[in-house]
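Colleague: I should like to learn how to read the surroundings of a ligand and the backbone of a model. May we go through them in turn?

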Amino acid sequence: MLEPQRIRLASLPTPLVKLERLSRELGGAELWMKRDDLTGLEVSGNKVRKLEYVVADALASDCDTLVTEGTAQSNHCRATAAVCARLGLGCRLLLRPEAPDRPQGNHLLDVLFGAETRSFSRADLTANRQRIVAETLAELKAAGRVPRWTPAGSSEPLGCWGYIHGMNELAGQLDGAGIDECDIVLAVSSGGTHAGTVLGALLNRRDRWRVWAVPVSDDVAYHKANVGQLCRDAIARYDLPVEYRDNSLHLIDGYVGEGYSIPYATALEALRLVARTEAIVLDPVYTAKAFCAVLDGVRSKRFGFERPVVFLHTGGIFSDFAWPEVLLGGV
Ligand SMILES: *Cc1c(COP(=O)(O)O)cnc(C)c1O
């Protein structure tokens with residue numbers, strides 16, 4: 001196995017906590033949360049675990065600028081911008097759709113961290129991604145810079161190491177809590193977190209863990225193909241000693257709603273419930289939708305009664321501040 005270099009950016013380990021008050025409210029289900037929303041403040045959330053590897057690679061190849069893409073409320077773009085500011089690297093963000101004139105939430109932080117942003121329509125960036133990225137890299141090189149591209153969410157094979165490492169951490173914590181069998185639930189969008197979690201569970205030989213990914217964009221078939229490819233690429237590139245099969249992936253359908261980052265009422269209720277009972281804040285794009293799957297599973301006794309359920313809180317709090325009226329009331 002070829003373990004790549006990592007630099008320390010996140011505050012690790014993140015806490016594994018038992019949600020006592022929420023458990024009581026849900027009829028005594030055993031609910032735990034891995035607080036990866038607490039990997040830092042400016043660089044919080046799941047993306048910083050992946051960036052620890054991607055940035056180590058960029059520094060080892062003498063890059064001076066990171067280039068990536070996302071929406072104006074992208075947690076990944078904000079974390080990348082923060083890491084670049086901290087390390088003195090340039091940061092170029094390709095934002096889609098066009099960012100609003102008055103930056104809020106994550107986008108406000110992108111601007112404060114000094115990231116250079118360029119806006120595209122979603123259709124343009126999706127249809128012409130290869131050309132736009134190539135032109136961006138060429139423009140930066142012509143200006144004497146040494147750029148490194150990382151895709152949305154840093155979901156490249158190298159980025160999967162973030163959650164391979166994260167699962168080593170969780171394995172130790174679950175051992176400490178005396179839990180050898182559990183369901184682990186997380187949101188999936190660009191796929192690197194899911195791929196790393198599945199590979200990390202396999203490498204740790206935790207066949208009594210079951211990892212459930214809840215799509216918050218696209219559909220189950222897309223994620224099976226995308227995450228499957230990421231797993232296979234990472235296994236080949238890093239010579240991982242695991243027996244991976246496509247049936248190692250388990251997805252829970254039905255929580256995208258009308259589309260990526262379009263909120264819906266039950267997800268907002270889940271967000272308010274967790275805030276009120278635990279003082280933990282989910283976000284309407286990822287974690288509140290994925291947590292709906294946990295709540296439905298608990299209410300139908302599929303999760304939390306025969307064995308504990310562990311929700312991976314992947315962060316996202318800053319986007320809450322871009323949606324105050326949505327969080328407070330209707331959709
Ligand atoms: C990006 C993100 C996810 C999804 O992770 P992927 O690796 O992109 O699938 C989940 N939750 C939050 C808060 C995120 O920012």
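Modeller: We shall take the ligand site and then the backbone. This is a predicted model, in which local features need pLDDT of at least 70 and side-chain atom pairs count only at pLDDT 80 or more, while totals for chains, interfaces and linings use all residues. Residues are numbered from 1 along each chain as its sequence is written, and side-chain values use heavy atoms, with hydrogens and water left out.

Colleague: How many residues surround the ligand, and which are the closest?

Modeller: A residue is near a molecule if one of its heavy atoms lies within 4 Å of it. Here 15 residues surround the ligand, and Lys-47, Lys-50, Ser-190, Thr-193 and Thr-314 are the closest. The shell divides into two nonpolar, 11 polar and two charged residues; Ala, Val, Leu, Ile, Met, Phe, Trp, Tyr, Cys and Pro count as nonpolar, Asp, Glu, Lys and Arg as charged, and the others, Gly among them, as polar.

Colleague: Which helices each supply at least two residues of the shell around the ligand?

Modeller: Helices (H or I, at least four residues) and strands (E, at least two) are DSSP runs, numbered from the N terminus. The helices in question are α2 (47–60) and α8 (192–203). Domain 1 (16–44 + 157–329) and domain 2 (47–154) both give residues to the shell, so the ligand lies between them; the domain bounds come from an automatic or database domain assignment.

Colleague: Which polar backbone atoms does an oxygen atom of the ligand approach?

Modeller: A polar contact is a pair of N or O atoms within 3.5 Å. An oxygen atom of the ligand is 2.8 Å from a polar backbone atom of Gly-191, and one is 3.4 Å from such an atom of Gly-192. In the side chain of Asn-46, an N or O atom is 3.1 Å from a ligand oxygen.

Colleague: Where are the cis peptide bonds that precede Pro-13 and Pro-97?

Modeller: One joins Leu-12 and Pro-13, with omega about 0 degrees, and Pro-13 is in the segment before β1 (16–18). Another joins Arg-96 and Pro-97, with omega about -10 degrees; Pro-97 is in the loop between β4 (90–95) and α4 (105–112).

Colleague: What is phi of Asp-239, and what is phi of Lys-301?

Modeller: Phi of Asp-239, a residue other than glycine, is positive, near 55 degrees; Asp-239 is in the loop between α9 (220–238) and β9 (250–251). Lys-301, also not a glycine, has a positive phi of about 65 degrees and lies in the loop between α11 (287–299) and β10 (309–313).

Terms used
Polar contact = N/O pair within 3.5 Å; in protein donor to acceptor, adjacent residues only side chain to side chain.
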